[in-house]
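Hi,

Here is the structure I promised to send you. Have a look at it first, and then read on for what turned up.

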Amino acid sequence: MIPLWWCWQQKGTRGIPEQKQGAFATDSPVRESCDRQGAAAGGQPVKMELTDQQVMIRQAAAEFAQKEIGPHVREWDRDAHFPVDVMRQAGELGFLGVLVPESYGGAGLGYVEYVGVIEEIAKVCPAIGLSVAAHNSLCTGHMLLFGSEQQKQRYLPQLATGRWIGAWGLTEPTAGSDAGGTRTTAVRDGDEWVLNGSKTFTTHAAVGDVVVVFASTDASKKHHGISSFVIDKGTPGLTVGKHEDKLGMRASDTSEVVLQNCRVPADALVGREGEGFKQAMKVLDGGRISIAALSVGTAAGALGHAIDYAREREQFDRPIGAFQAIQFKIADMATETEAARLLTYRAATLADEGKPVTTASAMAKLFASEVAVRVAEQAVQVFGGYGFVKDYPVEKY
Ligand SMILES: Cc1cc2nc3c(=O)[nH]c(=O)nc-3n(C[C@H](O)[C@H](O)[C@H](O)COP(=O)(O)OP(=O)(O)OC[C@H]3O[C@@H](n4cnc5c(N)ncnc54)[C@H](O)[C@@H]3O)c2cc1C
């Protein structure tokens with residue numbers, strides 16, 4: 001398998017081998033689809049042509065996913081098993097530190113490369129796509145954006161290479177969409193902070209080696225009184241609570257972080273006191289792009305399986321793909337997936353250009369996640385009764 005750093009060294013390479021055909025042979029070429037202007041939606045136009053290097057990076061991610069993840073999807077989904085060894089391998093290949101500069105052990109790439117990686121992994125397994133996205137964008141992204149130099153030196157090389165898995169706890173039982181309603185507290189006590197509270201729905205809470213959590217350091221200031229802290233696994237007072245038994249994406253660990261008189265040193269504070277909410281909003285700008293890419297990959301994976309099945313399955317003496325009702329479905333699924341991909345690449349391109357992405361990333365995430373649901377549902381219809389059973393792949397999208 002090709003590590004990302006190798007692709008990076010091939011900058012300007014010509015004559016890339018043809019994109020692998022197979023389960024996703026019908027997926028439209030991204031290079032062609034992105035070679036357009038993204039001016040629709042009233043935003044700034046952006047040029048979105050993939051370079052040879054970006055195409056290679058997608059291929060490297062696709063190869064990794066098909067070889068190391070594909071054969072195990074059903075078993076991991078059934079057992080809600082998070083494959084730590086495969087995540088470590090993803091880290092060795094550069095997929096867990098895509099945006100982290102090479103000086104901190106990362107791949108040093110941009111958002112366009114990053115969304116390609118997430119899309120290709122999610123095509124094969126949305127759960128692992130979610131884990132890779134959360135690790136890169138949330139915990140690692142937070143340390144990259146707001147960590148002190150000392151914190152970056154300590155955490156980024158471990159996170160970017162997958163030696164450590166990262167978690168990021170913002171959500172609480174009573175603070176979901178309203179993240180400013182954080183009730184977890186952090187009280188200064190000499191050279192330490194003492195944290196109490198809990199964080200629900202935290203990706204990698206159980207399997208993670210390090211977690212960034214948000215806590216109120218001054219309740220009277222509401223949003224402006226929230227701060228963020230980085231805490232290592234094994235710190236007394238930090239434990240894992242309930243593991244969520246999810247409807248989908250079951251191979252991604254989603255659990256509760258519990259903080260009971262958890263004492264951390266003063267330098268566990270990330271950035272300045274009271275800036276946690278602003279930090280979270282900034283981290284989520286990037287996180288939304290990765291969830292949009294996750295959704296595009298989910299839709300493209302379901303679409304690929306639906307097309308394969310429409311070619312193979314025969315009824316009334318012909319493949320069901322010969323019936324126009326099925327063709328219409330597939331045309332709509334492909335068109336919506338492509339539209340979601342364009343919005344996602346537009347947001348990624350704006351991020352790489354250092355332009356504001358709050359609106360573009362929210363649009364991409366909103367549209368792409370709804371497309372993922374619609375396309376997955378239509379894929380189940382194409383499979384008929386077999387779409388409803390676990391032996392067949394589409395019920396996992
Ligand atoms: C698989 C998975 C992984 C996750 N990983 C993480 C993670 O790593 N870290 C983390 O911090 N969180 C994580 N989350 C949590 C996620 O961010 C929250 O689920 C999300 O913020 C919504 O919060 P909630 O579930 O409490 O829903 P609520 O906020 O209770 O919303 C319930 C419903 O009300 C609607 N609603 C809420 N407010 C309004 C409003 N003002 N106007 C109109 N409608 C409204 C919502 O749209 C929703 O339909 C994860 C969740 C899942 C499912």
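How many of the 7 residues of strand β5 are buried? Keep in mind as you look that this is a predicted model. The count is 6, so to speak of β5 (residues 226-232) as mostly covered is fair.

Now for the neighbours of β5. Strand β4 (residues 210-216) runs antiparallel to β5, and 7 bridges join the two. Strand β8 (residues 269-270) is also antiparallel to β5, with 2 bridges between them. Try finding F229 in β5: V213 stands opposite this residue, and F229 also stands opposite L269 in β8.

Next, the helix α5, which spans residues 84-92. Its buried residues are V86, M87, A90 and G91. They line one face of the helix, because they fall within an arc of 150 degrees when you look down the axis of α5. If that spacing puzzles you, remember that an α-helix has 3.6 residues a turn, so residues three or four places apart point the same way. The cover over the buried residues of α5 includes α3 (52-69) and α7 (126-146). After α5 comes G94, with a positive phi near 100 degrees.

Last, the ligand. It has 13 residues around it, and the closest are L170, G176, S177, F201 and T203. Two or more residues of this shell come from each of α7, β1 (166-169) and β3 (192-203). The largest share belongs to β3, with 3 residues. Sorted by class, the shell has 6 nonpolar and 7 polar residues, and no charged ones.

Have fun with it!

Terms used:
Residues are numbered from 1 along each chain as its sequence is written. This is a predicted model: local features need pLDDT of at least 70, side-chain atom pairs count only at pLDDT 80 or more; totals for chains, interfaces and linings use all residues. A residue is buried if 20 or more other C-beta atoms lie within 10 Å of its own, exposed if 12 or fewer, and partly exposed in between; C-beta atoms are placed from the backbone. Helices (H or I, at least four residues) and strands (E, at least two) are DSSP runs, numbered from the N terminus. The arc is that of the directions from the helix axis to the C-beta atoms. Two residues are in contact if their C-beta atoms, placed from the backbone, lie within 7 Å. A residue is near a molecule or strand if its C-beta atom, placed from the backbone, lies within 6 Å of it. Ala, Val, Leu, Ile, Met, Phe, Trp, Tyr, Cys and Pro count as nonpolar, Asp, Glu, Lys and Arg as charged, and the others, Gly among them, as polar. Two strands pair if DSSP finds at least two bridges between them.
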